[in-house]
Amino acid sequence: MAFFSRLDLQEGLQTLSVLQWIPVYIFLGAIPILLIPYFLLFSKFWSLAVLSLTWLAYDWNSHSQGGRRSAWVRSWTLWKYFQNYFPIKLVKTHDLSPKHNYIIANHPHGVFSFGVFINFATEATGIARIFPSITPSVGTLEGIFWIPIVREYVMSMGVCPVSRSALKYLLTQKGSGNAVVIVVGGAAEALLCRPGTSTLFLKHRKGFVKLALKTGAYLVPSYSFGENEVFNQETFPEGTWLRFFQKTLQDTVKKILGLNFCTFHGRGFTRGSWGFLPFNQPITTVVGEPLPIPKIERPNQNTVDKYHALYISALRKLFDQHKVKYGLPETQELTII
């Protein structure tokens, strides 16, 4: 009985660790968004709001200049429970020398990019041990860093804006041994993710290649096998009222927030039930061989296209070498649009 109780406790803690992830960001974001205007207009504590805004203005460039990562936050036990829920694994195929800087491009986006978060923004899978002397920084939306408290939280995990200036700073102003991690397909690719599919929004995504050429950072392909398996996503038939409502909502969210709205579902609190928790499916992020890139201050389009094609070839090779081992059939092909 005690054995089963321990199992139930572990499973419960794993579920809670995943369940808290998005609500914590919402809660931390709501605190300053609601309290700062209230303090300024209706409270005797208006000085706290002024101090908060003054600090935000003073510290505005920190998130674009490496931020303030915390080894303690990255090593929280919470992230180990999060990792074990799926579980998530990081696999190295080649060493990354600390003599160079890197752009690790990851695919596919999935709905939430769980693999990238756990493997590169925390120490749950031991990235510091697997890639010693390499400092990873995960790129995400710039707008997150406009919100007090939230920006401190994400910076503590080594998360940075995916803006050109922030990434270029990390690749040129922080010495060597830096790796910026970019989920290249972005939110547009999130709409393509479904179990059993391997479709990437990559054919016209060349900005990361141009950045690599301008900075001389090596390009590293990586693929998170299983990322598309943790949620079911629904696209309703054209001509139905459900599709009209879905498309209207997607267009509205895109216009206001710059995000693509996915209509997805997963499991509930009990296995076999319906809900918005991800399915307990393994996610394995395989990091491939670095592709050396020359440093060219002003690369022309032909040069960008050349290295983009080389990158896609390396990514296809990585995918084909590991797909069967991590749950995909031999006949599965990587589709790039």
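**Exercise 1. Find out how much area is buried between domain 1 and domain 2, and what else links the two.**

Step 1: The area buried between domain 1 and domain 2 comes to about 1500 Å², with carbon and sulfur atoms giving 59% of that. Buried area here is the accessible area (1.4 Å probe) that two parts lose on being put together, summed over both.

Step 2: Before going on, note that this is a predicted model, where local features need pLDDT of at least 70 and side-chain atom pairs count only at pLDDT 80 or more, while totals for chains, interfaces and linings use all residues. Residues are numbered from 1 along each chain as its sequence is written, and side-chain values use heavy atoms, with hydrogens and water left out.

Step 3: Now look at the parts themselves: domain 1 is 9-231 + 278-336 and domain 2 is 232-271, with bounds from an automatic or database domain assignment. Their centres, taken over C-alpha atoms, are 23 Å apart.

Step 4: Check the touching residues: 18 residues of domain 1 are in contact (heavy atoms within 4.5 Å) with 15 residues of domain 2.

Step 5: Look for salt bridges (a side-chain nitrogen of Lys or Arg within 4 Å of a carboxyl oxygen of Asp or Glu). Between domain 1 and domain 2 the count is zero.

**Exercise 2. Work out where the second largest pocket lies and what lines it.**

Step 1: Start with the space in the second largest pocket, about 250 Å³. A pocket is an open set of points on a 1 Å grid over the protein atoms alone, where a 1.4 Å probe fits, with protein on both sides within 12 Å along at least five of seven lines; lining residues have an atom within 4 Å of a point.

Step 2: Of its 16 lining residues, Val-18, Leu-19, Ile-22, Phe-276 and Leu-277 are the closest to the centre.

Step 3: Sort the lining and you get 13 nonpolar residues, two polar and one charged.

Step 4: Both domain 1 and domain 2 give residues to this lining, so the second largest pocket lies between them.

**Exercise 3. Track down two cis peptide bonds and a positive phi.**

Step 1: Phe-86 and Pro-87 are joined by a cis peptide bond with omega of about 0°.

Step 2: Another cis bond joins His-107 and Pro-108, with omega of about -15°.

Step 3: Ser-113 is not a glycine, yet its phi is positive, about 55°.

How values were computed: Points joined across faces, edges and corners; volume = space filled by probe spheres on them. Nonpolar A, V, L, I, M, F, W, Y, C, P; charged D, E, K, R; others polar.
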